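Please look over the sequence and the structure shown here before reading on. The paragraphs that follow lead through the model step by step.

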Amino acid sequence: ADLCKRARDNGYKILYEPNATVYHDVIRNKASKHEVYYMNKNRVVYSLKYTKNKALFRILDFFIYFPLVIMYQILTKPKTLLYLKEILKARIDSLK
């Protein structure tokens with residue numbers, strides 16, 4: 001996503017191939033704690049990189065968006081609780 005955003009910002013055209021297939025060597029049901037940490041941290045880092053009002057983003061993200069997303073994930077995927085420590089640490093670390 002970051003590469004495409006930077007390319008578009010520099011005048012390149014992004015093409016989409018609807019028939020393309022990408023294979024990932026990942027087991028979707030078994031993300032490691034390390035993967036969960038970096039997925040959550042990098043999501044905020046990316047958003048902060050392209051947000052104009054960083055202070056407002058931090059406030060809205062930490063006090064509104066993040067709690068709502070966590071509640072939704074816990075309700076729909078109870079295994080989220082197993083990774084709650086990593087998710088919280090990632091969110092705090094990404095705001096430093």
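In what follows, a contact means that heavy atoms lie within 4.5 Å. The structure is a predicted model, and a convenient place to enter it is A31, which, when its neighbours within four places in sequence are left aside, is in contact with V36, M39 and Y83. A31 also belongs to the largest nonpolar core, a set of 5 residues in which it is joined by V36, F66, I70 and I87.

Two members of that core, F66 and I70, lead on to helix α3, where they are listed among the buried residues together with F57 and D61. Helix α3 covers residues 54–76 and has a kink of about 45 degrees that is centred on D61. Which helices do the buried residues of α3 pack against? Their partners are α2, which spans residues 33–49, and α4, which spans residues 84–94.

Helix α3 also contributes I64, which counts as partly exposed because its relative accessibility is 46%, and buried means under 20%. I64 takes part in a nonpolar patch on the surface, where it is grouped with L56, I59, L60, F63, L68 and M71, and these residues together have about 710 Å² of accessible area.

The kink at D61 brings the reader back to the charged side chains. Side chains of opposite charge can pair when their charged atoms come close. D61 forms a salt bridge with R91, in which the closest N and O atoms are 2.5 Å apart. Since D61 lies in helix α3 and R91 in helix α4, the pair ties together parts that are 30 residues apart in sequence. Are these two residues buried or exposed? Both D61 and R91 are buried, and for R91 the relative accessible area is 3%. Apart from residues within four places in sequence, R91 is in contact with N40, V44, D61, F62, Y65 and F66, so that its listed neighbours include D61, its salt-bridge partner, and F66, a member of the largest nonpolar core.

Beside R91 in the sequence stands A90, which is likewise found in helix α4 and is buried, with a relative accessible area of 0%. Not counting residues up to four places away in sequence, A90 touches Y37, N40 and K41. Where A90 is compared with Y16, which is 74 residues away along the chain, the C-alpha atoms of the two are separated by 31 Å.

How many salt bridges does the structure hold? There are 5, and one of them, between D93 and K89, has its closest N and O atoms 2.8 Å apart. D93 and K89 are 4 residues apart in helix α4, and are therefore separated by about one helical turn. D93 is buried, with a relative accessible area of 15%, whereas K89, with a relative accessible area of 46%, is partly exposed.

A comparable spacing appears in helix α1, residues 2–9, where D2 and R6 are 4 residues apart, about one turn of the helix. The side chains of D2 and R6 meet in a salt bridge of 3.3 Å, taken from N to O, and R6 counts as partly exposed at 40% relative accessibility. D2 and R6 are further linked with K49 in a network of salt bridges.

Notes: Residues are numbered from 1 along each chain as its sequence is written. This is a predicted model: local features need pLDDT of at least 70, side-chain atom pairs count only at pLDDT 80 or more; totals for chains, interfaces and linings use all residues. Side-chain values use heavy atoms; hydrogens and water are left out. The bend at a residue is the angle between axes fitted to the seven residues ending there and the seven starting there. Buried means under 20% relative accessible area, exposed over 50%, partly exposed in between (1.4 Å probe, protein chains only). A nonpolar core is a set of buried Ala, Val, Leu, Ile, Met, Phe, Trp, Tyr and Cys residues joined through side-chain atoms within 4.5 Å. Patches are made of residues with over 30% relative accessible area and no salt bridge: like charges are joined within 9 Å, nonpolar side chains (Val, Leu, Ile, Met, Phe, Trp, Tyr) within 5 Å. Accessible areas come from the Shrake-Rupley method with a 1.4 Å probe; for residues, only the protein chains shown count as cover. A salt bridge is a side-chain nitrogen of Lys or Arg within 4 Å of a carboxyl oxygen of Asp or Glu.
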